[in-house]
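Me: I would like a close look at a single part of this model, taken slowly and with its surroundings described as well. Please treat the answer as one connected account.

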Amino acid sequence: MFRITFFYILFAMFSTGLNILCQEISIRLYSGPYDMAVSIFVGTVSGLFFKYVLDKKYIFNYQPDNIKHDSQLFVIYTLMSVFTTLIFWGVEFSFHFVFQTKEMRYIGAMIGLAIGYTVKYMLDKKYVFIRE
């Protein structure tokens, strides 16, 4: 169990870093209407896909039957992510509105992602990567 916990936290940190990096790149490339929302969306999508691949292979040691099955798993994984993403976004947006700085928004993102990933693991274990 320690090994899984260690790697789950490590992958969550990598995914968080990728999320923040993609947000920063997005903000630098696009500064217009809804630029913050666009950057958060870009970061979320990049982190989601990256984390799915790592979780499937290294955390849950799950091998889909075929591409269709893998696609179905990704859809379920994504649906489970909706709830945890709302947690993450809620914390990030709250930090943005309270502190009004990019740095504090990113700290809020890291806190929100940490909470969200904890809940996400429990949901994935119970509803996504189940063995029949």
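Is Tyr-34 buried or exposed, and at what relative accessibility?

Reply: The model is a predicted one, and what follows should be read with that in mind. Tyr-34 counts as exposed, because its relative accessibility is 67% and the cut-off for that class is over 50%. The residue sits in the loop between helix 1 and helix 2, and its backbone deserves attention too, since phi of Tyr-34 is near 65°, a positive value in a residue other than glycine.

The two helices on either side of that loop give Tyr-34 its setting. Helix 1 covers residues 2-29 and helix 2 covers residues 35-59, and their axes, which come within 8 Å, cross at roughly 155°. That crossing angle makes helix 1 roughly antiparallel to helix 2, given that angles over 145 degrees are put in that class. The crossing in which helix 1 passes helix 2 is right-handed, and the residues of the contact between the two helices divide into 17 nonpolar, nine polar and four charged. One pair of leucines can be used to follow the chain through this region: Leu-18, which lies in helix 1, is 30 residues from Leu-48 in sequence, while 9.8 Å separates the two in space, C-alpha to C-alpha. Leu-18 itself counts as partly exposed, because its relative accessibility is 25%.

A second loop residue can be set beside Tyr-34. Asn-61 lies in the loop between helix 2 and helix 3, and it has a positive phi of about 45° although it is not a glycine. With a relative accessibility of 60%, Asn-61 counts as exposed.

Beyond that loop comes helix 3, residues 67-99, for which length and bend can be considered together. At 1.5 Å a residue, its 33 residues should span 48 Å, and the C-alpha atoms at its ends are 44 Å apart, which agrees. Helix 3 nevertheless bends by about 35° at Phe-83. Its buried residues include His-69, Leu-73, Tyr-77, Ser-81, Thr-84, Thr-85 and Phe-88, and further along Val-91, Glu-92, Phe-95 and His-96. A general point about helices helps in reading such a list: an α-helix has 3.6 residues a turn, so residues three or four places apart point the same way.

Three residues of helix 3 can be examined singly. Ser-81 is placed in this helix and counts as buried, because its relative accessibility is 6%; its C-alpha atom is separated by 8.8 Å from that of Leu-123, a residue 42 places away along the chain. Thr-85, also in helix 3, is buried with a relative accessible area of 14%, and a distance of 15 Å separates its C-alpha atom from that of Val-75, 10 residues away along the chain. Ile-87 is likewise in helix 3, but at 22% relative accessibility it counts as partly exposed, since buried requires under 20%. Ile-87 and Tyr-117 are 30 residues apart in sequence, and their C-alpha atoms are 9.8 Å apart in space.

To return to the part you asked about, Tyr-34 is thus an exposed residue at 67% relative accessibility, with a positive phi, in the loop between helix 1 and helix 2.

How values were computed:
Residues numbered from 1 in each chain as written. Predicted model: local features only at pLDDT ≥ 70, side-chain atom pairs only at ≥ 80, totals over all residues. Heavy atoms only, no water. Axes fitted to C-alpha atoms, helices over the stretch in contact; angles between N-to-C directions. Helix = DSSP H or I, 4+ residues; strand = E, 2+ residues; numbered from the N terminus. Parallel < 35°, antiparallel > 145°, perpendicular 65-115°, else oblique. Left-handed = near helix turned anticlockwise from the far one by under 90°. Nonpolar A, V, L, I, M, F, W, Y, C, P; charged D, E, K, R; others polar. Expected span 1.5 Å × (residues − 1). Bend = angle between axes of the 7 residues up to and from the residue. Buried < 20%, exposed > 50% of the residue type's maximum accessible area, 1.4 Å probe, protein only.
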